[in-house]
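Here's a quick briefing to read alongside the model. Have the sequence and the 3D view open, and we'll start with the sheet before stepping back to the whole chain.

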Amino acid sequence: DGAGTASVGTDIKFYISRDGSNYTGPITMTSEGSTGGHNILTANDVSLTSASGTSMRWKITTHNQSVSKDTRIQAVSLGWS
């Protein structure tokens, strides 16, 4: 949070794609705690049945942003098996 407090699922939403263009979501993210003032969110065992492919992509959208609510993304990691 740059300013204010973002609500995950309302002010920040996460989507994922197998083919790079058809997104599934919003994905439910779970808090894994924080480190150095940064919140750590994860999603495990996400089922992607809407498309095939290996061009994996994340899409993160922010909502309800203002001078008093500024959401910042520090890093994103994607892994699959």
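Let's kick off with the sheet: it's an open one of 3 strands, paired antiparallel in the order 2-1-5. Its edges are strand 2 (23-24) and strand 5 (57-62), each of which has a pairing partner on one side only. Keep in mind that you're looking at a predicted model.

**Inside the sheet**
- Strand 1 covers residues 12-17 and runs antiparallel to strand 2, with 2 bridges joining them.
- Which residue of strand 2 does I16 stand opposite? That would be T24.

**Overall make-up**
- Looking for helices? You'll find 0 of them, alongside 5 strands.
- Read from the N terminus, then, the elements simply go β-β-β-β-β.
- The C-alpha trace spans about 40 × 25 × 15 Å along its principal axes.

**Contacts and burial**
- How much of the protein counts as buried? Just 16% of its 81 residues do.
- Take the contacts with a separation of 6 or more: 60% of them come from residues 24 or more positions apart.

**Surface and charge**
- The protein exposes about 5500 Å², and 43% of that is supplied by carbon and sulfur atoms.
- On the charge side, there are 6 positive and 6 negative charges.
- Average the positions of each set, and the two means sit 7 Å apart.

Technical notes
Residues numbered from 1 in each chain as written. Predicted model: local features only at pLDDT ≥ 70, side-chain atom pairs only at ≥ 80, totals over all residues. Heavy atoms only, no water. Helix = DSSP H or I, 4+ residues; strand = E, 2+ residues; numbered from the N terminus. Buried < 20%, exposed > 50% of the residue type's maximum accessible area, 1.4 Å probe, protein only. Contact = heavy atoms within 4.5 Å. Areas by Shrake-Rupley, 256 points an atom, 1.4 Å probe, with all protein chains shown as cover. Lys, Arg positive; Asp, Glu negative; His and termini not counted. Charge placed at Lys NZ, Arg CZ, Asp CG, Glu CD. Pairing = 2+ DSSP bridges.
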